[in-house]
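User: Hello! I am new to this structure and would like to learn how to read its features. Could you walk me through it?

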Amino acid sequence: MDLPGSFFVSFGALVLILILATAAQRLLGVRFGVGRTFLAALLAFSLAGPLTWPIIASFADIKPGEDPGVGGLWVLFLVGMCVVLIPMVILVLAEALVPPGSIPGPVELVRGLRGRLSRARRYSQITRILVRHGLGPYLRGRGDRLDERPGGTARLARSLREALDDGGVTFVKLGQVLSTRRDLLPPEFIDELGRLQDQVAPAPWERVEPVIAAELGGAVEEVFAAFDKVPLAAASIAQAYTARLHTGEDIVVKVQRPGIGKVVARDLDIVRRLAATLERRTRWGRALGLRDLAEGFAVAIREELDFRVEAANMAAVAAAGSGGGNVTYPTPFPRLCTGRVLVMARLTGKPLGAAKDRSPQLARDLLDTLLRQILLEGVFHADPHPGNIMVLEDGSLGLLDFGSVGRLDASLRSALQRFLMAMDRQDPLGVTDALLEVVPRPEEIDEAALERALGQFMAKHLGPGMDSAKMFTDLFKIVSEYGLSIPPEVAAVFRALATLEGTLVRLSPGFNLIGEARAFAGRYLAEQVAPATIKDAVTQEVATLLPMLRRLPRRVERIASAAEHGRFTMNVRLLSDDRDRQYLTGLLHQILLTVLGATAGLMAVILLGIDGGPVASTAPKIDLFDLIGYNLLVICAILVLRVLILIFRRRDPAQSISRT
């Protein structure tokens, strides 16, 4: 065959394949992927010849000049419909065996392979870091004897701190959180991990200077009047330098560590995948909502990487005004703040770990500030670990690093206030009701058992002389045991309070967190019952209710008049929601298709079982009853496949049927 002939044959085959794909998809009434539909049509085109050849060959018996009649043409149409049935069957089987999304497409496959290779390299890198710092035996579960040697716990803590430091930003953040959990780790670990907060190895100036120049659009000497190239502090995400503006203000320049973006993205991908696996395979993972928690952690880390968010957070917390003159916040310079550089006013003082002036009053000021931020203002510092707190020269406290800030709406703040007040009264019923307002309420929960568990929790931790250690850990255990899923914003509150607990102990050893929190609750209650506060609350409520109260007499009179004259009626509309109507319509369509398909199949079987009917076609020889029966079988197959595809697609029938 010459080239033009081959081209026309190939073009005709392609057109037939496209016609098969379009007809199969339209008859099924469900959209499929282009690749899946084309492959089904291509396979059907390949099978059509061998399957239909015996029927087509029977037309060879027609003698020249003989009219096969309408029946012969109808047989050809029936053969064509049988060919269309082949891709329909293939698509239905593929939907049942290989649902859409179970096998990635070519682009997703390449991206997924690239991601797997990247994660594999990161896993290998983390493993090498652990082995290099002497933690290899713990990977194989044979490291218990190391702690029995003299100084073994201290060496292990130091190795863990160095490994976390080498692991990067995400693991340094993990170490910072662990350094505040004195109820979980020995003192050696607390001391070593605490060094991650202010003794992280700084990046060299040669790598930092290009970041500043690129972000601020000029050389360091041009933008600043003076700049100290020795870092003031080096943290997990950024490092800070002291400088002076041309206008004379002493400032701190916070610069993001070069090259951490890709590493953080890879680590967060690992964290999300691990959380999703644990939530899918474990009950406690589903109860804690690990996927949502991991996503919230990822969002928080990404916000910390954007210093414009931190500058806005500083302004929001400072505008709220919590802390009064007892806690100071740095003031940002918005015109010099970019995604990777943050310029703010310098606070003069010492880090909390190096300060000698530690007193219960400072701890009370810090607790009061954070509780007011959480319960009253709705914008709070979500990471108050000791590395983010300074003792200033005037004896007050300074809060740093506003990359992680939580936000609570008014309804959630109100529920937390009721929770705190009920805890202060040791009211298990009130605590239970407030807790179920804070977290999403599950479909099935034993409220009586939850109330008893919370009562025992309060008796254990809130009684006279009781220790607050492990309080948040025990509260999380109760939440997990009863299948309560904590929203990310509420989890940020508990994480901030747990971090604050360790910070307060370092600021004032023996600090009575429970007693001071109760004192705050008492002060808050006193503020709430003050005459001015009550007057404002009553004024707001009256202003809200006044429009309704004005309309109420007319509505009552209208109802009374209608009842008096016998015209009182009630209109109730069933299925008023359009989604309900669509679902019911789709369900009725699916039932109707099933009944019609079953009826067509039954009639086809009956007709095919009748012998001696009128001859519909002489070549091929077929009687009328058989011809009608075969057509009914084709109709039955189409309707049954249409119903099956809806079942395998596992969606509301209205969503698929309404398209047709």
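**Reading the features step by step**

Analyst: Let us start with a single residue: R132 is exposed, because its relative accessible area is 55% and the cut-off for exposed is over 50%. Please keep in mind that this is a predicted model.

User: Which residue does R132 meet in a salt bridge?

Analyst: First the general idea: side chains of opposite charge can pair when their charged atoms come close. Here, R132 meets the side chain of D166, at 3.6 Å from N to O. D166 lies in helix α6 (residues 152-167) and R132 in helix α4 (residues 106-132), so this salt bridge ties together parts that are 34 residues apart in sequence.

User: Is D166 buried, partly exposed or exposed?

Analyst: D166 counts as partly exposed, because its relative accessibility is 38% and the partly exposed class lies between the 20% and 50% cut-offs.

User: How many salt bridges does the structure hold?

Analyst: There are eleven salt bridges in the structure. Another one joins D401 and K254, whose closest N and O atoms are 3.3 Å apart. This pair links distant parts of the chain: D401 is in the loop between β10 and β11 (405-407), while K254 is in strand β4 (residues 250-256), 147 residues apart.

User: Why do D401 and K254 count as buried?

Analyst: Look at the relative accessibility of each residue. D401 counts as buried because its value is 17%, and K254 counts as buried because its value is 12%; the cut-off for buried is under 20%.

User: What else can I find around K254?

Analyst: K254 also lies over the face of F307, at 5.2 Å from the ring centre.

User: Which helices hold the salt bridge partners E437 and R418?

Analyst: E437 is in helix α17 (residues 428-438) and R418 is in helix α16, with their positions 19 residues apart in sequence. Their side chains meet in a salt bridge at 2.3 Å, N to O. E437 is partly exposed, with a relative accessible area of 45%, and R418 is partly exposed as well, at 38%. Salt bridges can also share partners: K254, E310 and D401 are joined into one network in this way.

User: Helix α16 came up there. What does Q417, in that helix, touch?

Analyst: Q417 is found in helix α16, which covers residues 410-425. Leaving aside residues up to four places away in sequence, Q417 touches L375, L376 and Y524. Q417 counts as buried because its relative accessibility is 17%.

User: How do I read a sheet, and in what order do the four strands of the open sheet stand?

Analyst: The general idea is that strands of a sheet pair through backbone hydrogen bonds, either parallel or antiparallel. In this structure, four strands form an open sheet with mixed pairing, and the order is β5-β10-β9-β7. β5 (327-328) and β7 (349-351) stand at the edges with a single partner strand each, so one side of each has no neighbour in the sheet.

User: How do β9 and β10 pair, in the parallel or antiparallel sense?

Analyst: Strand β9 (residues 389-392) and strand β10 (residues 397-399) pair in the antiparallel sense over three bridges. To find one of these positions, look at M390, whose bridge partner in β10 is G398. Helix α15 (residues 360-377) packs on the sheet and touches β5, β9 and β10; the direction of this helix makes about 35° with that of β10.

User: Now the rings, please. How many aromatic pairs does a search of the whole structure find?

Analyst: The search finds five aromatic pairs. To read a pair, check the distance between ring centres and the angle between planes. W205 and F227, for example, form a tilted pair, with 5.4 Å centre to centre and 45° between the planes. W205 lies in helix α9 (residues 205-216) and F227 in strand β1 (residues 226-227), so the pair ties together parts that are 22 residues apart in sequence. Both W205 and F227 are buried.

User: Which other ring does F227 pair with at 5.5 Å centre to centre?

Analyst: F227 also forms a tilted pair with Y241, with 35° between the planes. This pair links distant parts of the chain, F227 in strand β1 and Y241 in strand β3 (residues 238-244), 14 residues apart. Y241 counts as buried because its relative accessibility is 0%. As a wider picture, ring pairs link W205, F224, F227 and Y241 into a cluster.

Terms used. Residues numbered from 1 in each chain as written. Predicted model: local features only at pLDDT ≥ 70, side-chain atom pairs only at ≥ 80, totals over all residues. Heavy atoms only, no water. Helix = DSSP H or I, 4+ residues; strand = E, 2+ residues; numbered from the N terminus. Buried < 20%, exposed > 50% of the residue type's maximum accessible area, 1.4 Å probe, protein only. Contact = heavy atoms within 4.5 Å. Pairing = 2+ DSSP bridges. Axes fitted to C-alpha atoms, helices over the stretch in contact; angles between N-to-C directions. Phe/Tyr/Trp six-rings, centres within 6.5 Å; stacked < 30°, edge-to-face > 60°. Lys NZ or Arg CZ within 6 Å of the ring centre and 35° of its normal. Salt bridge = Lys/Arg side-chain N within 4 Å of Asp/Glu carboxyl O.
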